[in-house]
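Here are some comments on the structure you sent, set out as numbered points. Please read them alongside the coordinates.

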Amino acid sequence: VFMIGMKTMGSNLERAAGSSMRTMLAKVSNNRFAGVGIGAAVTAIINSSSATTVMIVGFVNVGLMSLTQAGAIIMGANIGTTISAQIMSLQSININMAAVFSAVAAAGLVINMTGKSGRSKQIGNILIGIGFIFIGLQFMSDAVKVLTADEVIAPKLDALFLSIDNPFLLFLIGVVLTGLLQSSAAITGILIALAGSGLITIEQAMFITMGSNIGTCATSLIASMGTSTNARRAAVIHLLFNVLGCAVFFILMLAFQKYVVEGIIFVSGGSVERQIANFHTLFNLLTTLVLLPFLKPLVKLAQVIVPERKKTQKQGD
């Protein structure tokens with residue numbers, strides 16, 4: 001239900017806002033700060049950094065955008081995608097969010113069934129998707145709580161999840177799962193459901209979240225296959241940005257994990273769900289701030305990794 005909600009909301013948001021979003025992206029200036037802002041805004045609206053990155057690869061492929069412009073927007077997309085985690089973390093507040101958003105889904109169904117225009121049906125589907133996301137989160141949380149209340153199963157679950165404390169393994173889990181699901185937001189939602197039932201700690205969630213940022217690059221890399229050299233370079237910039245960001249943060253986490261965790265708890269309070277969402281946002285914000293000044297070197301590195309294709313010589317030359 002959760003995954004259906006993610007897919008329904010994301011695809012209909014993209015259809016409803018797609019043309020205006022594409023126009024905005026195509027007109028982005030060479031100002032890297034404007035690019036980051038536009039990338040964050042577009043991704044927050046369509047709720048998918050993967051969709052934004054795929055659009056960027058397409059624009060670069062047809063020559064509508066330079067690699068520097070693409071790089072700035074991709075960095076912004078990583079910030080915009082954190083809005084999903086912030087919304088899903090509302091599950092932790094003392095309101096039955098599933099009940100509230102069940103009503104939202106019901107309203108969306110009515111709009112979809114009674115609406116005559118394509119736009120109204122898209123709006124209805126968006127509301128249905130939002131409702132399904134929170135209903136799915138509630139289903140996951142309730143199912144996990146039943147298991148954690150079982151005297152036989154609960155100790156085994158605790159032993160299974162809490163025994164995975166190797167940061168590199170947790171990071172790899174985030175990479176692999178996100179690569180398979182092609183949605184870092186989905187992984188964050190699952191982490192929030194598990195954390196709400198006490199099955200994973202904030203420390204575990206942090207390393208899995210970092211890994212999910214690399215796993216989400218799979219979509220843009222796949223989309224760049226068979227495209228122009230610059231389009232493939234744009235996908236590589238996305239990968240380089242996330243790999244370098246994760247490398248910096250991973251080292252910081254290993255060296256100062258206690259202080260990072262204390263800072264996140266201080267900002268977020270006792271809710272582990274809020275702590276995960278805020279870490280996700282903080283991680284992407286700081287990664288962008290650190291790497292934005294090095295955007296041009298990133299572009300040059302991508303050009304080295306993906307060189308120009310050699311033109312085939314004509315016979316007789």
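The points below take up the nonpolar cores, one helix pair, the salt bridge and one histidine.

1. Please keep in mind throughout that this is a predicted model, and that the remarks below describe the model alone.

2. The largest nonpolar core comprises 38 residues, and within this core the residues with the most contacts are I133, M210 and F279. The elements that give two or more residues to this core are α1 (2-26), α7 (118-149), α9 (167-181), α10 (184-196), α11 (202-215), α13 (229-268) and α14 (272-291). Apart from this core there lies another, made of 33 residues, which include I38, I73, L295 and V306.

3. For I133, once the neighbours within four places in sequence are left aside, the residues in contact are F2, G5, M6, M9 and M88. I133 is also one of the residues with the most contacts inside the largest nonpolar core.

4. How are α11 and α13 oriented to each other? They pack at an angle of about 170 degrees, with 9 Å between their axes, and since an angle over 145 degrees counts as roughly antiparallel, the two helices are therefore roughly antiparallel to each other. On the α11 side the contact is made by I202, E203, M206, F207, M210, N213 and I214, while α13 brings L239, N242, V243, C246, F249, F250, M253, L254, Q257, V260, V261 and I264. Sorted by class, the contact of α11 with α13 has 15 nonpolar, 3 polar and 1 charged residues. M210, one of the α11 residues in this contact, is also among those with the most contacts inside the largest core.

5. The count of salt bridges comes to 1, and this salt bridge joins the side chains of E308 and R233, at 3.6 Å from N to O. E308 lies in the segment after α15 (295-305) whereas R233 belongs to helix α13, so the pair ties together parts that are 75 residues apart in sequence. With regard to accessibility, E308 is exposed, its relative accessible area being 57%, whereas R233 counts as buried at 5% relative accessibility.

6. Is H238 buried or exposed? H238, which is found in helix α13, has a relative accessibility of 1% and so counts as buried. Which residues is H238 in contact with, leaving aside its neighbours within four places in sequence? The contacts of H238 are with T53, I74, N78, T216, C217 and S220.

Terms used. Residues are numbered from 1 along each chain as its sequence is written. This is a predicted model: local features need pLDDT of at least 70, side-chain atom pairs count only at pLDDT 80 or more; totals for chains, interfaces and linings use all residues. Side-chain values use heavy atoms; hydrogens and water are left out. A nonpolar core is a set of buried Ala, Val, Leu, Ile, Met, Phe, Trp, Tyr and Cys residues joined through side-chain atoms within 4.5 Å. Buried means under 20% relative accessible area, exposed over 50%, partly exposed in between (1.4 Å probe, protein chains only). Helices (H or I, at least four residues) and strands (E, at least two) are DSSP runs, numbered from the N terminus. Contact means heavy atoms within 4.5 Å. Axes are lines fitted to C-alpha atoms, for helices over the stretch in contact, and angles run from 0 to 180 degrees between N-to-C directions. Angles under 35 degrees count as roughly parallel, over 145 as roughly antiparallel, 65 to 115 as roughly perpendicular and the rest as oblique. Ala, Val, Leu, Ile, Met, Phe, Trp, Tyr, Cys and Pro count as nonpolar, Asp, Glu, Lys and Arg as charged, and the others, Gly among them, as polar. A salt bridge is a side-chain nitrogen of Lys or Arg within 4 Å of a carboxyl oxygen of Asp or Glu.
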